[in-house]
Amino acid sequence: MAFFKKLKDRMFKSSAKIDKGLDAIVSDGGEEDIAAPVEENIEPQPTATEANVEAIIDSVPDPEPEIVPEPEPEPEPEPEPEPEPEPENIAPAPKPQAVAPSVTLSTEISPVAPLLAETVTDVPEKKSGLLGRLFSAADKKTVVRRTLDDDMLEQLEELLISADMGVDTALRVTANMAEGRIGKKLSVDEIKSLMATEVSRIMEPVARPMPLYTHKPQVVLVVGVNGSGKTTTIGKLASQFKAAGKSVVIAAGDTFRAAAVEQLQVWGDRAGVPVLTAPEGSDPASLAFDAMTKAEADGADLLMIDTAGRLQNRSDLMEELSKIVRVIRKKDPDAPHNTLLVLDATTGQNAVQQVKVFQDLADVTGLVMTKLDGTAKGGVLVALADKFGLPIHAIGVGEQIDDLAPFDPDDFAKALVGIDT
């Protein structure tokens, strides 16, 4: 599971390309459907706010009526001295009447009032039970689905071809996806699931680890074009075999590149594996013969031979590889027991031509795909499995030792289309 997470995270370019393409395809002519709610036999529970309010009301005692003392009556004003008698025929002024005392109301607020007011303010309008909540507008979820027809199938084929799955393989995958489903509405997630199933079905027969034999030494010849990751792959495999209890010897057959020899020596020191070298520019076939003699004398389980990178269109370099195989077979007619072709995923459909040429010259027995973390062309591995049926032993998604792992078809298919597990 840890490697799957790393695989999915680092195959982002491939999965993102397919993911965006599927979104565009389904959105083009798709319709929104309301997802069916999940029914559960659960009694409706009060919302958190309702429960809080009920608890608060129950815990607060009934407030006692507050007694407001009546104010004392104001003293009556003293009568003013009577004025001097006015002349006759003038009515005397009326005496002032006593004003009734006004009632003073308490302006204090009960301590319970602000708490209830503040809490009740947050209570939403109560929904009518479970059905009310299920069919509330906020709870509705929509998903876009599109009817699977010929136009949609053609778009799916183009998407897979753009992901370097190849024309023949893309047609095969989409045809299997469409079987019995024409006219049905499908969402992006449903299409991803169908696509992953069909990709996994193609990859399942070729997902096999490199076989180990009792014959000593088992000679493993590693070939590939320049920059495909042969040297790093040899170092990782040697370290893993050593950790599994196998005695391993490495022969640095890339005698034309000093950096390759130094890189193998670093891996050899790290894994405790001896690395046999030769002077720069030496004949790699001669080094391979001497390495077989040394490994046989030491009783090594595995001899892994690195070779110089060579382009499939360079006939002179390809002939040199054929010479290495002929010399090895003079020592052991059954050698090499494994010929691993290391492929760079970033080359896309060019990897198909590489497999054809190397298979003719070196009798390739298995594939290792590297650099899946740096390309949107991960679909080429599906095309190789569909076309050649060669075992895929391992895939790589980085430079660390645990970034090379046995090939798992289900994990690869899910990571390729962007499915989480």
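Select Glu280 to start: in this predicted model, setting aside the neighbours within four places in sequence, Glu280 is in contact with Thr255, Phe256 and Ala258. If you then widen the selection to the surrounding backbone, you will find that Glu280 sits in the loop between β6 (275-276) and α11 (284-298). Colouring by accessibility shows how open this position is, since Glu280 has a relative accessibility of 62% and therefore counts as exposed, the cut-off being over 50%. Add Asp254 to the view and draw a distance between the two C-alpha atoms: Asp254 and Glu280 lie 26 residues apart along the chain, and their C-alpha atoms are separated by 8.7 Å.

Next, select helix α9 (residues 230-243) together with helix α10 (residues 258-271), whose axes are 9 Å apart and which pack at an angle of about 15°. Because angles under 35 degrees are classed in this way, α9 is roughly parallel to α10, and the crossing of the pair is right-handed. To see the side of α9 that takes part, show Thr231, Thr232, Ile234, Gly235, Lys236, Ser239 and Lys242, which meet Ala260, Gln263, Leu264, Trp267 and Ala271 of α10. Colouring these residues by class gives a mixed picture, with five nonpolar, five polar and two charged residues in the contact of α9 with α10.

Now move along the chain to helix α13 (residues 350-362) and helix α14 (residues 380-388), where the axes come within 10 Å and cross at roughly 40°. That angle makes α13 oblique to α14, and the crossing of α13 and α14 is right-handed. On α13 the residues to display are Ala351, Val352, Val355, Lys356 and Gln359, while on α14 they are Val380, Leu384, Lys387 and Phe388, and together these make the contact. Sorted by class, the contact of α13 with α14 holds six nonpolar residues, one polar residue and two charged residues.

Finally, clear the selections and show the whole chain, in which there are 15 helices and eleven strands. A burial colouring over the 421 residues of the chain will mark 41% of them as buried. If you turn on a surface, its accessible area comes to about 24,200 Å², and 53% of that area belongs to carbon and sulfur atoms. A contact map makes a fitting last view: among contacts between residues at least 6 apart in sequence, 81% join residues that are at least 24 apart.

Notes. Residues numbered from 1 in each chain as written. Predicted model: local features only at pLDDT ≥ 70, side-chain atom pairs only at ≥ 80, totals over all residues. Heavy atoms only, no water. Axes fitted to C-alpha atoms, helices over the stretch in contact; angles between N-to-C directions. Helix = DSSP H or I, 4+ residues; strand = E, 2+ residues; numbered from the N terminus. Parallel < 35°, antiparallel > 145°, perpendicular 65-115°, else oblique. Left-handed = near helix turned anticlockwise from the far one by under 90°. Contact = heavy atoms within 4.5 Å. Nonpolar A, V, L, I, M, F, W, Y, C, P; charged D, E, K, R; others polar. Buried < 20%, exposed > 50% of the residue type's maximum accessible area, 1.4 Å probe, protein only. Areas by Shrake-Rupley, 256 points an atom, 1.4 Å probe, with all protein chains shown as cover.
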